[in-house]
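Have a look at the fold below before reading on. A few of its parts get a closer look afterwards.

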Amino acid sequence: MKKILSMILASVLVLSLLAACGGGNNQSSQNNQQPPADSSQTPDSGGDAEPAGSDTTIQVAALASGYEEAYPGMWQEVCDAFTAETGINVELICDKNLEDVIGPAMQGGEFPDVIHLATGREKGLTEQFIKDRNIAEITDVLSMTIPGESNTVGDKIIGGFTDTSVTNPYNDGKTYLAPMFYSPCGLFYNAGLFEEKGWTVPATWDEMWELGDKVQAENPDMYLFTYPTTGYFDAFFYALMYSVGGPDFYNKALRYEEGIWDTAEGQACFDIVSKLASYTNPVTPAQANDQDFTQNQQLVLDNKALFMPNGTWIVGEMAEAPRADGFKWGMTALPAAKSGGNGASYCWLEQAWIPAGAPNMDAAKQFVAFLYSDAACGIFAKGGAIQPVPGLTGSLEGDNKMFYSIYDNGADAAMGNFAAYNAVAGLGTNREAFFDPVNGLVNGSVTAEQWSGDFKAASDQMRANIME
């Protein structure tokens, strides 16, 4: 047996040397074997991947979000700029329902080289890759020189954005997901309506309930709240946890600390969401899916709901939608838990990542590095997609300037995600376990006690299976 193994290894070595002498840089796709996450570079490489020739073609899969709608062709322009700089060809897949487009091929073992798809989506594809540890480590990308520039990727990214549980899901000090477009999230509303009515934007939840009662008394068809999908409750709930309990409670809750949801702060979070459900436009749950969510967003434009949780992409996403006379976008942080306290805004961070089974690992890492180039940042900014790169917000105008100044106006910034946990039979994603039941709170099929009880039980399971 030892002789046979030696012969096999020798044959493999010879074939590898012959392939290297052939000069080709394409890496063949292996359906049943995934390359190790850190296979692209050696410690002596200085962080720069080997140049790939023009015979290399990578596949990039990107979500066609509101940014792409605001500036059609945004992703294609970035891909073209990358090809012009590196000679590496790019086959782009850009779709609103990206999971449905790339999912079947990935089930067969054929993976794109780079995927831009954030956590929190209804289908939970990115979360599944995290749970299965099928995302390549990209810590080395931070030390790579950006194609066409002298700066490294790490030089260009604002401090802190690669130190969160969003980018480092396994709490091992390594980076797996690249921080992409960031957006201060909050409650969006029709500022023109507030000016017309002489209303003051609530600074506390008590003031929010008072406004809700006043609105319903004046107009039974106008409600205090709506939400696009339950997926938007992740950013909402993160900000709520931070405003209610501050950083100590927040960080413990993100790691499912035992008993955290039995505290006064935990109960306050449950109480606020449960009460808010009673102030929500009742048509919301039926439209709270990835196909019809814009109809819930339309409720704010039609003055049928005052507030909705969202991010800065909403402006581009609804740019062509009809709206009430005098409509003007407004955005506020979540109200403070009590008078004199601070509100909070979650910093939503989209992610780009490389599947562990990507066939062109070196070229894929070059593409991720290029995403932080001045050229790419400038193209993305045309669609309102702002990356965590210094100096980009200074050139913002109009609505975006107002949105990104939210932290200058006293709001606390919350960042990070619930900790990743190993797959468990019967236990879905954070969204499925924690937030999807909010639809039931609104339509009356789930009680507040059922929701909080199931929430705690799921949190206990997640803690028991947390990835370390």
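Here is a quick tour, from the whole chain down to one sheet and one helix pair.

## The overall picture

Keep in mind that this is a predicted model. The protein has 468 residues, and 55% of them are buried. Its secondary structure comes to 19 helices and 10 strands.

The accessible surface is about 19,600 Å², with carbon and sulfur atoms accounting for 50% of that. If you take the contacts between residues at least 6 apart in sequence, 77% of them join residues at least 24 apart.

## A four-stranded sheet

One open sheet is built from 4 strands in the order S6-S7-S5-S8, with mixed pairing. At its edges sit S6 (223-225) and S8 (329-332), each pairing on one side only. On average, neighbouring strands here are turned by 25 degrees against each other, ignoring direction.

Inside that order, S5 (residues 186-190) and S7 (residues 305-310) run antiparallel and are joined by 3 bridges. Gly186, for instance, has Asn310 in S7 as its bridge partner. Helix H12 (residues 293-301) lies across S5, S7 and S8, at about 135 degrees to S7.

## H3 against H15

Now for a helix pair: H3 (residues 74-86) packs with H15 (residues 374-382) at an angle of about 170 degrees, the axes being 9 Å apart. Angles over 145 degrees count as roughly antiparallel, so that is what H3 is to H15.

On the H3 side, the contact uses Met74, Trp75, Glu77, Val78 and Ala81, while H15 brings in Ala376, Ile379, Phe380 and Lys382. Sorted by class, that contact has 7 nonpolar residues, 2 charged ones and no polar ones.

Note on methods:
Residues are numbered from 1 along each chain as its sequence is written. This is a predicted model: local features need pLDDT of at least 70, side-chain atom pairs count only at pLDDT 80 or more; totals for chains, interfaces and linings use all residues. Side-chain values use heavy atoms; hydrogens and water are left out. Axes are lines fitted to C-alpha atoms, for helices over the stretch in contact, and angles run from 0 to 180 degrees between N-to-C directions. Helices (H or I, at least four residues) and strands (E, at least two) are DSSP runs, numbered from the N terminus. Angles under 35 degrees count as roughly parallel, over 145 as roughly antiparallel, 65 to 115 as roughly perpendicular and the rest as oblique. Contact means heavy atoms within 4.5 Å. Ala, Val, Leu, Ile, Met, Phe, Trp, Tyr, Cys and Pro count as nonpolar, Asp, Glu, Lys and Arg as charged, and the others, Gly among them, as polar. Buried means under 20% relative accessible area, exposed over 50%, partly exposed in between (1.4 Å probe, protein chains only). Accessible areas come from the Shrake-Rupley method with a 1.4 Å probe; for residues, only the protein chains shown count as cover. Two strands pair if DSSP finds at least two bridges between them.
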